[in-house]
Amino acid sequence: MQTVTIIIKGMTCMGCVNSVKAVFKNLSGVVQAEVTLEPAQAIIQYDSNNINIDQIKAAIVDAGFEVMN
């Protein structure tokens, strides 16, 4: 199990936070995700055998947000 913190630009409200959470629920391999508005980030636990960090970041970008790291 791996854990990563991703800084997300473009989240302005709790609706945005919920949108990002929904992205993670649909990704196979993401075990747990904590998304916060302040600071604007996601702390994600994932199974690196099923998904990698680049796929996670791409899903965030596809949802309309910007990954800062």
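## Working through a small predicted protein

Of the 69 residues of this protein, 33% count as buried. Keep in mind that the model is predicted. Grab the structure and let's go.

**Exercise 1. Work out how many helices and strands the protein has, and in what order they come.**

Step 1: Count the elements. You should get 2 helices and 4 strands.

Step 2: Walk along from the N terminus. The elements run β-α-β-β-α-β.

**Exercise 2. Decide whether the overall size of the protein agrees with that of a compact globule.**

Step 1: Start with what you'd expect. For 69 residues, a compact globule would have a radius of gyration near 11 Å.

Step 2: Compare. The protein has 11 Å, so the two agree.

Step 3: Add the dimensions. The C-alpha trace spans about 30 × 20 × 20 Å along its principal axes.

Step 4: Look at the outside too. The accessible surface comes to about 4,100 Å², and 47% of that belongs to carbon and sulfur atoms.

**Exercise 3. Find the largest nonpolar core and say which elements build it.**

Step 1: Get the head count. The largest nonpolar core has 21 residues, and F24, I44 and I56 have the most contacts inside it.

Step 2: Trace where the core residues come from. At least two come from each of β1 (2-9), α1 (14-25), β2 (30-36), β3 and α2 (53-62).

Step 3: Pick the top supplier. That's α1, whose 5 residues are the largest share of this core.

Step 4: Zoom in on I44. Setting aside residues up to four places away in sequence, I44 touches nine residues' worth of neighbours including V4, I6, F24, V30, A33 and I56.

**Exercise 4. Do C13 and C16 form a disulfide, or are their sulfurs too far apart for a bond?**

Step 1: Recall what you're looking for. A disulfide is a covalent bond between the sulfur atoms of two cysteines.

Step 2: Check the distance. The cysteine sulfur closest to that of C13 is in C16, 3.8 Å away. The cut-off is within 2.5 Å, so this pair is too far apart for a bond.

Step 3: Check the whole structure. The search finds 0 disulfides.

Step 4: Compare their surroundings. C13 is partly exposed at 36% relative accessibility, whereas C16 is buried at 13%.

**Exercise 5. Classify Q41, Q45 and M1 as buried, partly exposed or exposed.**

Step 1: Set the limits. Buried means under 20% relative accessible area, exposed means over 50%, and partly exposed is in between.

Step 2: Take Q41, in strand β3. Its relative accessible area is 16%, so Q41 is buried. Beyond its neighbours within four places in sequence, Q41 is in contact with T5, I6, I7, I8, M11, E34, V35 and T36.

Step 3: Move along to Q45, also in strand β3 (residues 41-46). At 30%, Q45 is partly exposed. Leaving out residues up to four places away, Q45 touches Q2, T3, G29, V30, V31 and Q32.

Step 4: Finish with M1, in the segment before β1. A value of 65% makes M1 exposed. With residues up to four places away left out, M1 touches V31, Y46 and D47.

**Exercise 6. What share of the contacts between residues at least 6 apart in sequence joins residues at least 24 apart?**

Step 1: Read off the share. It is 58%.

Step 2: Try one pair. Q45 and T5 are 40 residues apart in sequence, and their C-alpha atoms are 9.0 Å apart in space.

Step 3: Try another. M1 and D62 are 61 residues apart along the chain, with 24 Å between their C-alpha atoms.

Key. Residues are numbered from 1 along each chain as its sequence is written. This is a predicted model: local features need pLDDT of at least 70, side-chain atom pairs count only at pLDDT 80 or more; totals for chains, interfaces and linings use all residues. Side-chain values use heavy atoms; hydrogens and water are left out. Buried means under 20% relative accessible area, exposed over 50%, partly exposed in between (1.4 Å probe, protein chains only). Contact means heavy atoms within 4.5 Å. A nonpolar core is a set of buried Ala, Val, Leu, Ile, Met, Phe, Trp, Tyr and Cys residues joined through side-chain atoms within 4.5 Å. The radius of gyration is taken over C-alpha atoms; the globule rule is 2.2 Å times the number of residues to the power 0.38. Accessible areas come from the Shrake-Rupley method with a 1.4 Å probe; for residues, only the protein chains shown count as cover.
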